[in-house]
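I opened this notebook to record what I looked up in one structure. The entries follow the order in which I consulted it.

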Amino acid sequence: MNFPEAIPKTLEESVVLAMDGSNPDLFPFLPFIMQDLWALGADPDTTVKLIRKHCKHYSKAKVLDLGCGKGAVSVKVAQILGCSCHGIDAVPVFIEFARRKAIEHKVGHLCKFEKGDIRTRIKEVSGYDVVILGAIGPVFGNLQVTLTILADCLNAGGFFVVDEAYISDDSDFCHPSIHKQSEMLRQLEQAGMLSVENDIMDRTYIRASNDFMVEHIKRRCTELAEKYPEKRLLFHEYIKIQEAESYILENEVICTTMVIRRQ
């Protein structure tokens with residue numbers, strides 16, 4: 001999940017925001033920090049389940065995975081469903097890792113991974129049955145703007161699989177860049193879209209997933225702080241952000257994977 005809604009100006013800002021950071025100086029260190037993690041965004045099993053359910057001929061489907069990270073979702077979708085998957089990410093090391101994983105899982109012929117800036121590449125790609133937005137952050141803007149821009153990538157009858165977090169309408173919790181459920185639904189309507197499934201994540205699963213992720217991120221950031229003492233604050237701040245976001249995800253908001261179609 002990613003909370004900031006300010007549109008990033010540079011590619012480095014975009015990637016760091018998607019990794020829940022705030023300082024673009026973190027960009028060159030992300031491969032080291034994330035080296036112990038494969039799935040960096042959407043949950044692969046949930047994505048497989050939703051594509052299987054909502055795509056009638058899923059084995060023939062073309063899937064676009066924007067901000068694909070290390071390819072965990074695309075590889076699993078291709079392996080289990082036989083879909084043709086196209087992943088785009090801005091971090092070269094992540095793309096190289098994704099290609100190796102595709103070969104390792106014997107789906108190299110089904111998976112195409114490329115390094116690129118999704119803000120420009122989406123103007124050149126179309127004809128997909130499924131577009132996956134696995135916690136990519138505000139690369140294009142808010143949910144309404146994002147879905148409006150990306151609608152042209154979908155075939156008629158195609159759909160989005162989107163990781164999202166929102167605040168229950170009856171909650172007293174407030175956050176500058178996390179919307180109430182009613183506002184999220186309003187943005188969907190304004191984009192000419194509707195949610196046909198809202199697969200809410202179990203809090204126990206979220207907690208276990210966060211504990212695993214934060215443990216490894218803390219360890220790698222600590223190593224970097226020792227190696228680059230002049231950047232110690234940069235790495236310690238990233239740890240604090242991860243811990244704070246984990247608390248919010250586990251206690252204050254509703255985390256979901258949505259299937260979104262045109263109205």
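The entries below cover confidence, the sheet, the helices across it, and the enclosed and open spaces.

**Entry 1: confidence**

I noted at the outset that this is a predicted model. I looked up the mean pLDDT of the protein and found 93, with 97% of the residues at 70 or more. I then checked where the value is low: over residues 1-5 the pLDDT stays under 50. For residues 1-5 the model nevertheless has 31 contacts beyond four places in sequence, and I shall read those contacts with that confidence in mind.

**Entry 2: the sheet**

In what order do the strands of the open sheet lie? I read the order as β3-β2-β1-β4-β5-β7-β6, seven strands with mixed pairing. The edges are β3, residues 111-115, and β6, residues 193-200, each of which pairs on one side only. I also looked up the turn between neighbouring strands of this sheet, which is 20° on average with direction ignored.

I next examined one edge of the sheet. Strand β2, residues 84-89, runs parallel to β3, and five bridges join the two. Which residue of β3 is the bridge partner of Asp89? I found Lys115 in that place.

**Entry 3: helices across the sheet**

I looked for helices lying across the two edge strands. Helix α5, residues 92-104, lies across β2 and β3, and its direction is at about 165° to β3. At β6, I found helix α8, residues 181-190, which lies across β5 (154-166), β6 and β7 (254-262). The angle between α8 and β6 is about 140°.

**Entry 4: the largest pocket**

I looked up the volume of the largest pocket and recorded about 590 Å³. Its lining has 27 residues, of which Ala39, Leu40, Gly41, Ser209 and Met213 are the closest to the centre. Two elements, α9 (203-227) and α10 (232-251), give two or more residues to this lining. Of the elements, α9 gives the most, with six residues. I sorted the lining of the largest pocket by class and obtained 19 nonpolar, four polar and four charged residues.

**Entry 5: cavities**

How many cavities of 30 Å³ or more does a search of the whole structure find? I recorded two. I looked further into the second largest cavity, which has a volume of about 330 Å³. The lining of this cavity has 30 residues, and the closest to its centre are Gly67, Cys68, Gly69, Asp89 and Ile136. I had already met Asp89 as the bridge partner of Lys115. The elements that give two or more residues to the lining of this cavity are α1 (11-18) and α4 (72-81). The largest share, four residues, comes from α1. By class, I recorded 19 nonpolar, seven polar and four charged residues for the lining of the second largest cavity.

Methods:
Residues are numbered from 1 along each chain as its sequence is written. This is a predicted model: local features need pLDDT of at least 70, side-chain atom pairs count only at pLDDT 80 or more; totals for chains, interfaces and linings use all residues. Side-chain values use heavy atoms; hydrogens and water are left out. Two strands pair if DSSP finds at least two bridges between them. Axes are lines fitted to C-alpha atoms, for helices over the stretch in contact, and angles run from 0 to 180 degrees between N-to-C directions. Contact means heavy atoms within 4.5 Å. On a 1 Å grid over the protein atoms alone, a cavity is a set of points where a 1.4 Å probe fits but cannot get out, and a pocket is an open set with protein on both sides within 12 Å along at least five of seven lines; lining residues have an atom within 4 Å of a point. Grid points are joined across faces, edges and corners, and a volume is the space filled by probe spheres set on the points. Ala, Val, Leu, Ile, Met, Phe, Trp, Tyr, Cys and Pro count as nonpolar, Asp, Glu, Lys and Arg as charged, and the others, Gly among them, as polar. pLDDT is the predictor's confidence in each residue, from 0 to 100.
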